[in-house]
Amino acid sequence: MVSGIEQIGSALGTKGIYVKNYGPGSLATISMLGGSSSQSLIKWQDIPINNPMLGLSDLSLINLRHFDNAVIKAGGASTTEGQGAITGVIDLSQDINPDNGLSLEMNAGSLGLLSYFGQVRYTGEKVSLRGSYEHSYVKNEFDYTNSSSTQTKKQTHGTYENQMITQHLAWTITPTQSISLDIWWQDAHRLIPPTTVQNRSEAQQRDKVQRYVINYKIAKGKSLFQSKVAWFDETNDYLDPQILLQANNRFKKFFHQSHYDVSLGENLSLTADYNLSVVKGRSESYEEKLSTLEAYIASRYTNNSMEVLLGLKTAYNDFSSMPLVPYMSLEKSLSDKINVKFNLSQEFRFPTLNDLFWIPNSSNTLLPEKGWNQELSFNYNHGTVSFSSLIFHRVIDNWILWAQEENAFFFTPTNLSKVRSYGASSNVQYACTECPLSPKIELNYNYIVSENLEEIQNPKIKKGDPLLYTPKHNFAGNLTAKINRSLSAAFNFQYFSSSTGINENLDDYFLCGLGIFKIFQIEDQKIELNLVAKNLLNANYRVIERRPMPGRQLYFKIKYSI
């Protein structure tokens, strides 16, 4: 159940994934399985969209309504998915819906939200098209109470406005050959609100995105070849007159990817991948180019009850290299309902453009973050009930940390830290379409520990200290029920335990939401009405210290489809 402008961060929270959210419309980044924001990959059409200057992706800019699928792959995947996927991947994709049609949508509600969204779909014999447009505006003004007092304050200067266009155009050349073009245009402007210890803020930020992907695919006999070319041009401009700061950042990225699959027999197949990335970044302090090349080969053996995957990657850029990066996976079916899987992999992430080139204290001698990852997963599926669990252990060395060295005025990126992460992630799902109300229940629980293995003087980090903003426990759930053929309801909740912040520790918090959904069907026309309440219990909480979060919110959506 997602409401408002349907940012991906809201949806991930109900899945038990921790999103470091600075407030509505502000920066939102992900933490998967105890890793940092730059150790998870966000992909679109299988192309990484993490900002190469920062190494992370701002989830507040991603609206789920533009995408058909958002697949979460938790676990080490640097070898199979690309450098930087130390803790997992979120893969966004646009597909062609076989139904032709048009849909128009309006959202309104708390915090001054007003949002419009439209989508057109056409599928012909050879050509298919899907195009979406969105305009969202939210004022983001709300009352909150400081945790250290009973004083009520109002958040101001938080306006967020976003325009976004996505398009997927596909041409079937022959039954085994196709080509497609994907486009993502976006212009987002936000005012940065003051923290709880500031009286006012004049800061603002503007993000402009242009992304293009061309995908060619051909199947021949027992083989499949796919090649993609991508071009990104993105700007991030930040202005704060109060501290006389103006930062204009821009990068252009060329990305080429080829993938080849071939069956060598009844039980054996071979996969080969190649990725080339060329990025040119420009900021107030540098203008530099960085090229990265990755190549991957793997063999897969399968029989009736077992699958074995052995993979090897090599990766290079202008300053670093990972000559041999292995991956091994063994999956065994214990019955038609139960299977277990073991993964052993080396994980890595290259330094970002800012790490390498930011003046005055960057360093192009930085080493890649790297380490070993072990995972054991268990899956049970029996009709209406399914259960899955993942146990993981990971140690990452050469962890890149921006720190202020002794007698220095500036922060410098260094390979200061070594971090161990371990824990378990579990998911239970129940669905019964034949039962009264056709209930669907999903529960997620995560136990995650991330601890520093080395003592650091500045910033002061003791051996054994937990990683910042990493709750040890989180529990989330979703419940949906179908009252009749056209009326349904949903309830979700999420609990995150306390965590360590930079300036102060953060208390645990519990959030829940409720939604009611009504459909009116008139021949081939459909009208959907949604009423959604978020933070139903009006909790006073923080995800990042000194960044207030809104209380109870109410949203209304009307959608017309034909």
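**Exercise 1. Find the partner of C432 in this predicted model, and give the handedness of their bond.**

Solution.
Step 1. C432 and C435 are joined by a disulfide, with 1.8 Å between their sulfur atoms. The cut-off for a disulfide is 2.5 Å between cysteine sulfur atoms, so this pair qualifies.
Step 2. Look at the torsion about the S-S bond of C432 and C435: about 75°. The disulfide is therefore right-handed.
Step 3. Check for others. A search of the whole structure turns up one disulfide.

**Exercise 2. Sort C432, C435 and C512: buried or partly exposed?**

Solution.
Step 1. Recall the cut-offs. Buried means under 20% relative accessible area, exposed means over 50%, and partly exposed lies in between.
Step 2. C432 has 10% relative accessibility, so C432 is buried.
Step 3. C435 has 24%, so C435 counts as partly exposed.
Step 4. C512 has 7%, so C512 is buried.

**Exercise 3. Which residues form the nonpolar patch on the surface, and which strands each supply at least two of them?**

Solution.
Step 1. List the members: Y122, V127, L169, W171, I179, I214, V229, W231 and F254.
Step 2. Note the area. Together these residues have about 760 Å² of accessible area.
Step 3. Turn to the strands. β12 (160-174) and β15 (223-240) each contribute at least two residues of the patch.

**Exercise 4. Where is I214, and how accessible is I214?**

Solution.
Step 1. I214 lies in strand β14, which covers residues 204-220.
Step 2. I214 has 42% relative accessibility, so I214 counts as partly exposed.
Step 3. Link back to the patch: I214 is one of its members.

Methods
Residues numbered from 1 in each chain as written. Predicted model: local features only at pLDDT ≥ 70, side-chain atom pairs only at ≥ 80, totals over all residues. Heavy atoms only, no water. Patch = residues over 30% accessible without salt bridge, like charges linked within 9 Å, V, L, I, M, F, W, Y side chains within 5 Å. Areas by Shrake-Rupley, 256 points an atom, 1.4 Å probe, with all protein chains shown as cover. Salt bridge = Lys/Arg side-chain N within 4 Å of Asp/Glu carboxyl O. Helix = DSSP H or I, 4+ residues; strand = E, 2+ residues; numbered from the N terminus. Buried < 20%, exposed > 50% of the residue type's maximum accessible area, 1.4 Å probe, protein only.
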